[in-house]
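This report covers the sheet, two of the helices and the cysteines of one protein model. Please look over the sequence and the structure before reading on.

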Amino acid sequence: MKEKGKFIVFEGIDGSGKSTQIRMLSAYLAEKGIRCYETREPTDSPFGAMVHSCMTGRIQTDERAIAALFAADRLDHIFNEINGIKKKLDAGFSVLCDRYYLSSFAYNGGLVPTEWVIALNSQAREALRPDLTLFLDVPPEEGMSRVERRGDKERYEKLGFQRKLRENYFELFRRFGEEEHVVVVKSEADKAETQKNVRKAADELYGF
């Protein structure tokens with residue numbers, strides 16, 4: 001029987017560098033002989049495609065509907081029989097995921113009642129919690145500067161909201177941090193410096 005893989009989630013406000021750090025950590029773990037599967041939320045599934053359309057403005061809808069779409073996409077992400085997170089973990093892959101339910105608590109919970117969003121995601125939270133959650137912390141001004149260099153902005157990419165979002169995350173860490181195994185990593189301008197601290201947390205998880 002294969003040993004079950006580890007589930008590592010990357011969180012952060014927009015422009016925090018999650019995608020880059022996931023790629024770098026995946027390469028590092030591969031060198032250690034650990035098979036990794038990189039994924040993200042929203043996904044590329046039909047549920048995720050609807051979320052993407054809401055984020056870009058192609059679909060106009062209420063924030064409550066968006067929160068529900070995120071929750072549906074997440075459940076499919078966990079349980080999908082083809083490439084779901086649980087299937088990958090059971091096959092021995094370590095799963096590196098760009099966003100998970102803490103994103104919903106912080107983003108959606110900043111616009112509709114937080115307790116409702118937490119309840120909406122209760123099945124996902126009961127089914128699968130991360131072994132490690134890495135929060136890449138960047139000042140909102142720097143994050144938005146990175147987003148603007150990238151190009152098109154999405155629904156939540158406004159400086160005022162990003163400032164509130166960062167506050168929401170830290171409030172969640174005070175409430176759930178120990179349960180969610182959260183490690184806060186400063187997202188440096190030097191990506192290698194950020195990665196050094198990401199690897200330190202991963203090394204502790206794997207016992208390297």
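Buried means under 20% relative accessible area, exposed means over 50%, and partly exposed lies in between, with a 1.4 Å probe and protein chains only. Helices (H or I, at least four residues) and strands (E, at least two) are DSSP runs, numbered from the N terminus. The model is predicted: local features need pLDDT of at least 70, side-chain atom pairs count only at pLDDT 80 or more, and totals for chains, interfaces and linings use all residues. Residues are numbered from 1 along each chain as its sequence is written, and side-chain values use heavy atoms, with hydrogens and water left out.

**Helix 8**

In helix 8 (residues 140-150), the buried residues are Pro 140, Gly 143, Met 144, Arg 146 and Val 147. They lie on the same side of helix 8 because they cover an arc of only 155° around the axis, the arc being that of the directions from the helix axis to the C-beta atoms. An α-helix has 3.6 residues a turn, so residues three or four places apart point the same way. Helix 9 (159-180) is included in what covers the buried residues of helix 8; contact here means heavy atoms within 4.5 Å. After helix 8 comes Gly 151, with a positive phi near 130°.

**The sheet**

Five strands form an open sheet in the order 2-3-1-4-5, with parallel pairing. Strand 2 and strand 5 (182-186) are the edge strands, each pairing on one side only. From one strand to the next, the twist averages 20°. Two strands pair if DSSP finds at least two bridges between them. Three of the pairings are tabulated here, each with one bridge between named residues.

| Strands | Sense | Bridges | One bridge pair |
|---|---|---|---|
| Strand 1 and strand 3 | parallel | 4 bridges | Val 9 and Cys 97 |
| Strand 1 and strand 4 | parallel | 4 bridges | Phe 10 and Leu 134 |
| Strand 4 and strand 5 | parallel | 5 bridges | Leu 136 and Val 185 |

How many residues of strand 1 are buried? Strand 1 is mostly covered, with 5 of its 5 residues buried. In a regular strand the side chains alternate between the two faces of the sheet. In strand 1, Phe 7, Val 9 and Glu 11 point one way, while Ile 8 and Phe 10 point the other way, and all are buried.

**Helices lying across the sheet**

Helix 1 lies across strand 1, strand 2, strand 3 and strand 4, and runs at about 170° to strand 3. Helix 10 lies across strand 1, strand 3, strand 4 and strand 5, and runs at about 165° to strand 4. For these angles, axes are lines fitted to C-alpha atoms, for helices over the stretch in contact, and angles run from 0 to 180 degrees between N-to-C directions.

**Helix 1**

Helix 1 (residues 18-31) has 14 residues and reaches 20 Å from its first C-alpha to its last, close to the 20 Å expected at 1.5 Å a residue. The expected span is 1.5 Å times one less than the number of residues. Buried in helix 1 are Lys 18, Gln 21, Ile 22, Leu 25, Ser 26, Tyr 28 and Leu 29. Because they cover an arc of only 165° around the axis, they are on the same side of helix 1. These buried residues pack against strand 1 (7-11), strand 2 (36-40), strand 3 (94-98), strand 4 (132-137) and helix 10 (191-206).

Two serines of helix 1 are taken in turn. Ser 26 is in helix 1 and counts as buried, at 10% relative accessibility. Leaving aside its neighbours within four places in sequence, Ser 26 is in contact with Cys 36, Glu 38 and Leu 96. Ser 19, also placed in helix 1, counts as partly exposed because its relative accessibility is 40%. Ser 19 and Arg 175 are 156 residues apart in sequence and 26 Å apart in space, C-alpha to C-alpha. Just after helix 1, Gly 33 takes a positive phi of about 85°.

**Cysteines**

A disulfide is a covalent bond between the sulfur atoms of two cysteines. Here a disulfide is a pair of cysteine sulfur atoms within 2.5 Å, and by this rule the count comes to 0 disulfides. Why is Cys 36 not bonded to Cys 97? The sulfur of Cys 97 holds the closest cysteine sulfur to that of Cys 36, but at 13 Å it is too far for a bond. For Cys 54 the closest cysteine sulfur is again in Cys 97, at 19 Å, too far for a bond. Cys 54 counts as buried, at 1% relative accessibility.
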